[in-house]
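Okay, thanks for coming, everyone. I'll put the model up, and then we can walk through a few spots in it.

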Amino acid sequence: MTEISRAAKALQEGHLVAMPTETVYGLAADATNPDAVARIYAVKGRPADHPLIVHFSNSDLITKWAAEVPEYAKQLAKAFWPGPMSLVLKRTELAGDFITGGQDTVALRVPSHPVALKLLSEFEQLGGLGAAAPSANRFGKVSPTNATAVRAELGEYLSSEDVILEGGDSEVGIESTIIDCTTETPKLLRLGAITADMITQVTNREVARGGSNIRVSGSLASHYAPNARVVLDQVVSPGEGLIALASEPTPDSVIRLIAPVDVEGYAQQLYFALRQADALGLSRVVAITPKGEGLAEAIRDRLQRASF
Ligand code: TXA
Ligand code: MG
């Protein structure tokens, strides 16, 4: 039996699987099993009223979980699944309160990472309908973007029957774009690699932003935070960490955490840099934020939350 098949079976039996995705690593459980999902909350130390994203491999499963799928949501699913986008839709009864935090909506995503897709499709062959998976970090901490980070973050809380799957470094590096599709126009709840422009291009609709009363833990002011103090666009001093594009020089005695050549690289390496800052015991990290719209905005959003 391959490692992925073993993991699919573990899901079916109610255990947890740390699953690589193209955004960040997730901590997956059978989304129809309340006991398994309860363990996600326990392992993450996350408040139980925070809703989870349900992941599956086959886009057709959307109708199992969503009671209403507006035309523009179908267009988005067709254009960007599998990929770094989660859609919030009116739920069916299958989406229990233990998934939705008692709300009448559910968040759904088809990830594109080959290991995630294989895991989910094997789980579906065993009768699974979806895997609930928050990022595989302790509540409020930095999302892991490789299996080593998952082990460091959650290893001590997992049981011997849970599985951590290897899948290399996540390609996108920050969490999926979350789009509320319960209103006339799509509304961005969390910024990510699928940008407002891309959404408008596919749906021909303006995109509304934020202002939702739906609980999105990733939208709490302080989130994605390392132990080091993160400050934005300030002067960096000797002994401090620096996160910036490669075009930014490294002053003497400053610890250069990452030097990505473009915004995509910046997103991909950002959480690694924040983890590295803690591994090195740095007390202060200066991040020079990338300019521009789209993914750069998503990076600024995560850096702002890390800086509280
Ligand atoms: O990229 C991602 O989305 C990763 C990977 C593993 O797929 N997952 C992830 O999950 O970031 P998590 O739980 O760390 O963040 C999911 C966010 C939470 O902030 C949650 O509040 C929001 O999705 N969410 C879930 N269901 C929702 C709903 N029905 N309405 C609004 N927001 C919802
Ligand atoms: Mg998270």
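So, let's start with a question: in which loop does Ser253 lie? Ser253 sits in the loop between β13 and β14. And just so we're clear, what you're looking at is a predicted model.

Why pick Ser253? Well, have a look at the backbone: Ser253 has a positive phi, about 65 degrees, although it is not a glycine. As for the surface, Ser253 has 56% relative accessibility, so it counts as exposed, the cut-off being over 50%. Pro249 is in that loop too, between β13 (241-243) and β14 (255-258). Pro249 comes out at 60% relative accessibility, so that one is exposed as well. If you want a long-range distance from there, take Pro249 and Ser112: C-alpha to C-alpha they're 35 Å apart in space, with their positions 137 residues apart in sequence.

There's another positive phi to show you. Asn204 is not a glycine, yet its phi is positive, about 60 degrees. You'll find Asn204 in the loop between α8 (196-203) and β11 (208-209). With 71% relative accessibility, Asn204 counts as exposed.

Okay, on to aromatics. How many aromatic pairs does the structure hold? Just one. The partners are Phe56 and Trp81: the ring centres are 6.1 Å apart and the planes meet at 85 degrees, so we call the pair edge-to-face. What I like here is that the pair links distant parts of the chain, 25 residues apart. Phe56 is in the loop between β3 (53-55) and α3 (62-65), while Trp81 is in the loop between α4 (71-80) and β5 (85-91).

Are these two buried or exposed? Phe56 is at 0% relative accessibility, so it's buried. Trp81 is at 6%, and that counts as buried too.

Stay on Trp81 for a second, please. Trp81 is joined to Pro82 by a cis peptide bond, with omega at about -5 degrees. Pro82 is likewise placed in the loop between α4 and β5.

One more ring contact, this time with a charge: Arg138 lies over the face of Tyr157, 4.0 Å from the ring centre.

Another buried spot, for contrast with those loops: Ala28, in strand β2 (residues 26-30). Its relative accessible area is 0%, so Ala28 is buried. Ala28 and Gly128 are 100 residues apart in sequence, but C-alpha to C-alpha they're 12 Å apart in space.

Last topic, the largest pocket. How much space lies in there? About 340 Å³. The lining has 17 residues, and the ones closest to the pocket's centre are Val142, Ala152, Glu153, Arg275 and Asp278. Sorted by class, the lining is eight nonpolar, five polar and four charged residues.

Which helix gives the most to that lining? That's α9, with six residues. Both α7 (147-154) and α9 (263-279) supply at least two residues each.

And why do we say the largest pocket lies between the domains? Because domain 1 (3-209) and domain 2 (229-306) both give residues to its lining.

That's my tour. Happy to rotate the model if anyone wants another look.

Terms used:
Residues are numbered from 1 along each chain as its sequence is written. Chains are lettered from A and ligands numbered from 1 in the order in which they are written. This is a predicted model: local features need pLDDT of at least 70, side-chain atom pairs count only at pLDDT 80 or more; totals for chains, interfaces and linings use all residues. Side-chain values use heavy atoms; hydrogens and water are left out. Rings of Phe, Tyr and Trp (its six-membered ring) pair if their centres lie within 6.5 Å; planes under 30 degrees apart count as stacked, over 60 as edge-to-face and the rest as tilted. Helices (H or I, at least four residues) and strands (E, at least two) are DSSP runs, numbered from the N terminus. Buried means under 20% relative accessible area, exposed over 50%, partly exposed in between (1.4 Å probe, protein chains only). A charge sits over a ring if NZ of Lys or CZ of Arg is within 6 Å of the ring centre and within 35 degrees of the ring normal. On a 1 Å grid over the protein atoms alone, a cavity is a set of points where a 1.4 Å probe fits but cannot get out, and a pocket is an open set with protein on both sides within 12 Å along at least five of seven lines; lining residues have an atom within 4 Å of a point. Grid points are joined across faces, edges and corners, and a volume is the space filled by probe spheres set on the points. Ala, Val, Leu, Ile, Met, Phe, Trp, Tyr, Cys and Pro count as nonpolar, Asp, Glu, Lys and Arg as charged, and the others, Gly among them, as polar. Domain bounds come from an automatic or database domain assignment.
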